[in-house]
Amino acid sequence: MISESIRYGRHPFEEKVHDNYIVALRLPFQPVMSHRRHDLYRLALGPLQLLEPSREVYDFGEYPIQKGSVFFETTFCIAFVNLKPFLPGHILVVPKRRVERFVDLIYEEIADLFHVVQVVQKMLEKKYFATATNISIQDGYDAGQTVRHLHVHVIPRKPSDFEGGHDQLYEELESHEKGKNRRARTQDEMSAEALEYRRLLNPAEN
């Protein structure tokens, strides 16, 4: 019996076990999204790759973001310059998939989002000679979010900001979310800033 099993490519001990039972045993060990072990498979994301723009217009909640405003795109996220920044270098990082809350992200989106934030933070601090960075999420309407699309504010900081009144940042963030007291920039202004950031992040484009 053992020799016959080996000849036909079957494990000899499978002769006495029903095929459905074998499938039931193997299925939980398949690395599919519903039950994969993130501690084993998380490294599969690999290093970030700066992609070419994939769309002419991106969605940010109900607002369209023109391709020219986007300076970093990955599989799951984009980073774009701000229409009404309250400090130089104030940008936004958002998941491409429209979700309102942080808890709605899947693991790959979370990892990609904060990897992008870190890479962009390093670039902005170097460009603006910043000594610190505010990284902020208003996670839901009651936290001050007005655009129903999860987004991360990345804001390089220096000691001279707000004349040393660091706590003023939170008032500024609230007014920013409501679109108050700040001039909207032109698309040409935003495109020029985005192009500069893109060149800093990808020296091959210089």
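Buried means under 20% relative accessible area, exposed over 50%, and partly exposed in between (1.4 Å probe, protein chains only). The model here is predicted, so local features need pLDDT of at least 70 and side-chain atom pairs count only at pLDDT 80 or more, while totals for chains, interfaces and linings use all residues. Residues are numbered from 1 along each chain as its sequence is written, and side-chain values use heavy atoms, with hydrogens and water left out.

**Exercise 1. Is Thr131 buried or exposed, and where does it sit?**

Step 1: place the residue. Thr131 belongs to the loop between H4 and strand E6 (132–136); helices (H or I, at least four residues) and strands (E, at least two) are DSSP runs, numbered from the N terminus.

Step 2: apply the cut-off. Thr131 has a relative accessible area of 60%, so it is exposed.

Step 3: look for partners, taking contact as heavy atoms within 4.5 Å. Once neighbours within four places in sequence are set aside, Thr131 touches Arg157, Lys158 and Pro159. Pro156 is 25 residues away from Thr131 in sequence, yet their C-alpha atoms are 7.6 Å apart.

**Exercise 2. Work out which elements build the largest nonpolar core.**

Step 1: fix the term. A nonpolar core is a set of buried Ala, Val, Leu, Ile, Met, Phe, Trp, Tyr and Cys residues joined through side-chain atoms within 4.5 Å.

Step 2: find the hubs. The largest such core has 23 residues, and Phe71, Ile91, Val93, Val120, Leu124 and Tyr197 have the most contacts inside it.

Step 3: assign the elements. At least two residues each come from strands E3 (70–73), E4 (77–81), E5 (91–95) and E7 (152–157), and from helices H4 (107–128) and H6 (187–201). H4 gives the most, with seven residues.

Step 4: zoom in on one hub. Beyond its neighbours within four places in sequence, Val120 contacts Phe71, Phe72, Ala79 and Ile91.

**Exercise 3. How do H4 and H6 pack?**

Step 1: get the geometry. Their axes are 10 Å apart, at an angle of about 105 degrees; axes are lines fitted to C-alpha atoms, for helices over the stretch in contact, and angles run from 0 to 180 degrees between N-to-C directions.

Step 2: classify the angle. H4 is therefore roughly perpendicular to H6, a class that covers 65 to 115 degrees.

Step 3: list the residues. Val119, Met123, Leu124, Lys127 and Tyr128 from H4 meet Glu193, Glu196, Tyr197, Leu200 and Leu201 from H6.

Terms used: Angles under 35 degrees count as roughly parallel, over 145 as roughly antiparallel, 65 to 115 as roughly perpendicular and the rest as oblique.
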